[in-house]
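Reader: I'd like a close look at one part of this model, please. Could you pick it apart strand by strand and then tell me what surrounds it?

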Amino acid sequence: MSYQIVVCGGIVPDPLQTLEPVAGPAGPALKNEMMLPAVLDPWAGHALYEAANLAQKMPGAKVYLVSLGPKAKLQQVMMNIAQKAPFELVALDGAAGGFTDAQETAAALAEAIQAIPGLDRNKLLLFGGWESATRGAGATLQIVGELLGIADQFQGVDELKVQPDGSLEVLERIEGGKHQMSACAGPPAVLGWATGSLPEPRNNPQVGMQNMRAIMPALQKAKPVKTGAGGLVFKSVALPKQQRQTRIVKDTPAEEIAREIVAWISE
Amino acid sequence: MEDILFLAFTESDGTLSQAAREVLGAVRELGGTLRVALAGAQTQPAAAALANCGAAKFLAVTGPEFAQARYATDAAAAEALCRASGASVVVVPSNSRSARVMPGVAHRLGGRVDSHITAITADGQLNVTRWYYRQRMEAVVERAQRPWVLLLEPGCHAPYQGTGGSPQVHAVTVALAKNHQRTQVTGVRAPATDEQTIRPDAKLLFVAGAGWTKKQADGQIHGAEAEQLILGFLGSSGASLGGSKSLVEQSGEGQAVLRFMTHLNQIGQTGATPRHPKGLATCCHGEEPHVVGWRFIHERRAVNLDANCGWARGKADVLYVADAFEVMRKVNALLKAHAAPSA
């Protein structure tokens, strides 16, 4: 079967940046939010790389990346991501911060997916990260799946194998460092990826050039969408305050440190 | 006052997990009218255990087709229970099973969902606390939309410990279509008992950083000894193992690796934020293990060679400036001596 793999992937502030909440006109926001460098959401990135890897093995398969974010930021991130894997971008121009509501984001994504020309839902695998690094709700993908009428959903996916009969074998993370194994009859299905098993692909300039030909027009025609807090009222947003008074132990024999550690863990 | 539904999926033997009882303990303090909804292959043992929890009504979806943690059937069961209860607020234990389905269920009900909740308070209106940007900032929020589905994290409240009884349980029927069972759960893949390094109930989280696989003072990498020391410590202390992102990802980059370390061990931005009373970080020098991965660790100590490690200072209670190899050799020897029977 030639799958149509749609990856929902947002953009997030670079995890190495210092983040500070501030009060904005429409609710909480990040200080200097538009100035912060952005990256593709880490778990969505894993989903994209898994999608590209699967598509490479399945003749006729195609990967779409549906991404909602401020257009300028999307362009910045796509310059890098385009070199990693072949995909067709569906861009939505709107707020991508953590203080937006999953329901509104999901509605915008679902509408964009439904508008993809020639999309066959019987061949559809809807990929994404199982949570974002912004809102971190783990809710958007399930709601997109519901809006698209997909009743086979998996979250925390680390492995997907297509069986000879076309069924899908899925490994999902569950409690205690274990995986639940499932067999799904086939598409359509929603798969919210955890880290999967693939490393980040090396940059491939040829893939980048090929992607960018379509990415720039896609960015130019990015549909503006309005996403907000969706009825969520923020009474406070704050950085955790506790700064610990760290006791520094140095120039101390390892044996003495070991005794202290053993006594502490035995308490 | 809200009409509150406590909803939980039962374990394979029909009982409730500790995490579910914790959520019930929290829900009972919110006031309002409490209802209990259970779903699973068996629900009677759980209902009996909660008989005196103060619920006005018990509802259950019971049957072998609800034994599997499968989206289609779980969502159908949860949706039916929520509709039958008519509750305005639905509180659910946050675990892999409920987190998979409850956002979809909230959508079907025309409501809203908020997940990873760490506290719920009711002072005239319901306020919930949750973290944003991967545990970097904490927010208190409220909503006007109902029904409001809340997934409460484990470890945030004392579990309900009531006496049992024989409550009247109203069976809720769910008509399943053929496509509800396109997916079959075929099993659980778990590491062998002696290889299991993730122990959610452990008192101590041991975090290993990339320093374990770097060149040591003699200019050599001691990967095999690092493995031996870490596994030895896990074995004798019963600790759970966490790893920094850089260490976990080394396997994909062709560098020296700790063979038992997988992405499941990863803590931080793209990993877990586990809950343990104590944490000991070794050879870690980054923000992620010390800030994000440690968010819910109460007592924290670190061993590394850099007295000025900006992330350990201010985040750990104690920073031992020492060679982790040397310290852990001694720690393991002491633990072994403690465990050995006296002559």
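Author: Here is a walk through one strand of chain B, followed by the rest of that chain and then its partner. Keep in mind that this is a predicted model.

Let's start with strand E4 of chain B, residues 89–93. How many of its residues are buried? Five of the five are, so E4(B) is largely enclosed by the rest of the structure. Look at where the side chains go: Val89(B), Val91(B) and Pro93(B) point one way, while Val90(B) and Val92(B) point the other way, and all are buried. That back-and-forth is no surprise, because side chains in a regular strand alternate between the two faces of the sheet.

Now for the neighbours of E4(B). Strand E1 of chain B, residues 3–9, runs parallel to E4(B) and is joined to it by three bridges. If you want a pair to click on, take Leu5(B), whose bridge partner in E4(B) is Val90(B). Strand E8 of chain B, residues 148–152, also runs parallel to E4(B), this time with five bridges. Here Val89(B) has Trp148(B) as its bridge partner in E8(B).

Let's zoom out to the whole of chain B. Its secondary structure comes to eight helices and 15 strands. The C-alpha atoms fill a box of roughly 70 × 45 × 40 Å along the principal axes. Of the 343 residues in chain B, 52% are buried. Take the contacts in chain B between residues at least 6 apart in sequence: 68% of them join residues at least 24 apart.

The domain assignment splits chain B into domain 1 (3–181) and domain 2 (193–339). Their C-alpha centres lie 35 Å apart. Where the two touch, five residues of domain 1 of chain B are in contact with five residues of domain 2 of chain B. On the domain 1 side, that's one nonpolar, two polar and two charged residues.

One residue to check by eye is Asn179(B), which is found in the loop between strands E9 (169–171) and E10 of chain B. Is Asn179(B) buried or exposed? It counts as exposed, because there are 11 C-beta neighbours inside 10 Å, and the cut-off for exposed is 12 or fewer. Thr73(B) is 106 residues from Asn179(B) in sequence, yet the two are 9.7 Å apart in space, C-alpha to C-alpha.

That loop leads us to the other chain. Strand E10 of chain B, residues 183–189, pairs with strand E11 of chain A, residues 178–184, in the antiparallel sense over six bridges. Within that pairing, Ala183(A) stands opposite Gln184(B). Taken as a whole, the contact between the chains draws 75 residues from chain B and 66 residues from chain A. The chain B side has 34 nonpolar, 22 polar and 19 charged residues.

As for chain A itself, there are six helices and 15 strands. Its C-alpha atoms fill a box of roughly 65 × 50 × 40 Å, again along the principal axes. Of its 267 residues, 49% count as buried. Among contacts in chain A between residues at least 6 apart in sequence, 77% join residues at least 24 apart.

Chain A also has a strand to set beside E4(B). In strand E6 of chain A, residues 62–69, seven of the eight residues are buried, so E6(A) is largely enclosed by the rest of the structure. Strand E1 of chain A, residues 4–8, pairs with E6(A) in the parallel sense over five bridges, and Val6(A) stands opposite Tyr64(A) there. E6(A) also pairs with strand E7 of chain A, residues 88–93, in the parallel sense over six bridges. In that pairing, Val66(A) stands opposite Val90(A).

Last stop is a helix. H6 of chain A, residues 254–266, has 13 residues and reaches 18 Å from its first C-alpha to its last, close to the 18 Å expected at 1.5 Å a residue. Ile257(A), Ala258(A), Ile261(A) and Ile265(A) are the ones to color in, as they are buried. These four cover an arc of only 100° around the axis, which puts them on the same side of H6(A). Flip to the other side of H6(A) and you'll find Ala263(A) and Ser266(A), which are exposed.

Methods: Residues numbered from 1 in each chain as written. Chains lettered and ligands numbered in written order. Predicted model: local features only at pLDDT ≥ 70, side-chain atom pairs only at ≥ 80, totals over all residues. Contact = placed C-beta atoms within 7 Å. Nonpolar A, V, L, I, M, F, W, Y, C, P; charged D, E, K, R; others polar. Pairing = 2+ DSSP bridges. Helix = DSSP H or I, 4+ residues; strand = E, 2+ residues; numbered from the N terminus. Domains from an automatic or database assignment. Expected span 1.5 Å × (residues − 1). Buried ≥ 20, exposed ≤ 12 C-beta atoms within 10 Å, placed from the backbone. Arc of directions from axis to C-beta.
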